[in-house]
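Reader: I work at the bench and would like a close look at one part of this model. Which part would you take, and what can be said about it piece by piece?

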Amino acid sequence: MKETLVLYPSPGMGHLVPMVELGKLFLTQGFAVSIITVNSTYTTGAASSTETFITRMSSAHPFLSFHRLPSVSLPPNASPHAEAHAFDLLRLSNPHLLSLLSSLSQSSPVRALIVDFFCTTALDVAAELAIPSYIFFTSSAAILAAFLHLPALHSKVTKSFKDLGDSPLHFPGLPPIPASDMLLPMLDRDDEAYKGFIAIFNRMPDADGIIVNTFVSLEPRPLQAIAGGLAVPGKKAPPVHCVGPLIAIQPKLRHDCLDWLDKQPKQSVVFLCFGSLGAFSAKQLHEIAIGLEKSQQKFLWVVRSPPNPVAALAPGGGEIAKLTEAPPEPELEALLPEGFLDRTGERGMVVKSWAPQAEVLRHGAVGGFVTHCGWNSVLEAIVGGVAMVAWPLYAEQRMNKVMLVEMGLAVEMRGYESGAVEAGEVEERVKGVVQGEWGREARGRMELLRLAAEAAMEDGGSSTVAVNDLVSKWKA
């Protein structure tokens, strides 16, 4: 009988995909892996995409099983932020989680419960069943250090971040972060989402360890700040296990865009793609198209349909579509300038809705990446050695942008803060990332990190050692 690890992601593909990658990693160590999901009554993107992904993973991996918790009724919550509803959902799901874990434990010994950081209230369930508990943090070690330190900062600062403008916030191991670049749900300290985050951050050190999708040589400063206790003054620093980069590679279904890339010169193409929730207004799509055309730059651009009228404006020029089903295929001729596709057809390719991003970024023809700065995307760019233009849209992406710019891996797309990036800025940035001196320098740094990422995942590498240490602990 295989020993079992139970993984508990929060809703949303950006959390589910890396959690599944972590599960697949532990499958190779001889464990059975059970992944528990919840029905979200708020929106996390296209539900059909999630179901398709789960079905595919279940079919491909016999010892990877999925279990859905029963739905719960959420109390009224005045917060406009989905995160506040997520905290309610996950807290109220604890009794169902307890019942399912008890059942799983009867058929196979459960060696650990590994939860997404949004699911930190599940630590209480693990404690009740005497199961070791770990948090899987799907963003960077820098963001982890900031989040761990936020309760201490909360006790020192009396104003909401929204009232501090661009005043710098200081976190151990990080460059100063403008208050305006904090997560949107954390800008108002009276909001239920803010209160939920602070409660979660306070509990995170109680876990037996925190597993992070990063590697040691990528983020030494924040990791040292956590290990040295600077991030959690007055508390015991949680053990941090860096096991990345964990990258999801799609099945061997070759997308047309890869055939197109095969015909392009080395590092000549800029790739524009903005994650599973990022979508732009028709006006912003028009500006991007004009900038691409004027740049004369080779490009591969993933275009999603503009969000419907009830979409929520994201603080980065994009919008987060409130969709429970996949958005309609974009009507490119209607959305883009008249004749754009014909005029740019020789040097550009526009893809509807989705492209195999990890494979695209590993392709030798790609020299630059315009990205929303989601952590999964950042890691995929590092593994591909591709320089970035940062256009953050939601979640912690503005904070990621600060780190990437400070490390010399990206430049920011000016104007994203106001939600209106002009064509001239797009033109300048897409040319610069491929042809400019700063683009070449950033690619050089990314190439060094690409090699470091490979070394971390090799036998004896830091991430492999971290995984082996966890496995030895659980099997003992």
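Author: Some terms come first: a residue is buried under 20% relative accessible area, exposed over 50% and partly exposed in between, with a 1.4 Å probe and protein chains only. The model is predicted, so local features need pLDDT of at least 70 and side-chain atom pairs pLDDT 80 or more, while totals for chains, interfaces and linings use all residues. Numbering starts from 1 along each chain as its sequence is written, and side-chain values use heavy atoms, with hydrogens and water left out.

The part I would take is an open sheet of six strands, ordered β15-β12-β10-β16-β17-β18 with parallel pairing. Its edge strands are β15 (348–352) and β18, each of which pairs on one side only. On average, neighbouring strands of this sheet are turned by 15° against each other, direction ignored. Helices (H or I, at least four residues) and strands (E, at least two) are DSSP runs numbered from the N terminus, and two strands pair if DSSP finds at least two bridges between them. At one edge, β12 (residues 298–303) and β15 run parallel and are joined by five bridges. There V303 stands opposite K352 in β15.

Two helices lie across strands of the sheet. Helix α16 lies across β10, β16, β17 and β18 and runs at about 140° to β16. Helix α17 lies across β16, β17 and β18, at about 120° to β17. Axes here are lines fitted to C-alpha atoms, for helices over the stretch in contact (heavy atoms within 4.5 Å), and the angles run from 0 to 180 degrees between N-to-C directions.

Helix α16 has 13 residues, 423–435, and should span 18 Å because each residue adds 1.5 Å; its end C-alpha atoms are 18 Å apart, which agrees. The expected span is 1.5 Å times one less than the number of residues. Buried residues of α16 are A423, E425, V426, R429, V430, G432, V433 and V434. Their cover includes four strands, β10 (269–273), β16 (366–371), β17 (387–390) and β18 (410–412), and two helices, α10 (282–295) and α17 (437–457).

Some loop residues belong in the same picture. Q267 is in the loop between α9 and β10, and has a positive phi of about 50° although it is not a glycine. With a relative accessible area of 33%, Q267 is partly exposed. A395, in the loop between β17 and α15 (397–406), also has a positive phi, near 55°, and is likewise not a glycine. A395 counts as partly exposed at 36% relative accessibility. Earlier in the chain, P245 is found in the loop between β9 (240–242) and α9 (256–262). The peptide bond from G244 to P245 is cis, with omega near 5°.

For reference, here is one more strand, β2. Strand β2 (residues 32–37) is mostly covered, with six of its six residues buried. In a regular strand the side chains alternate between the two faces of the sheet. In β2, A32, S34 and I36 point one way, and V33, I35 and T37 the other way. Strand β1 (residues 4–8) runs parallel to β2 and is joined to β2 by four bridges, with T4 opposite A32. Strand β3 (residues 64–68) is also parallel to β2, with five bridges between them, and V33 stands opposite L64 in β3.
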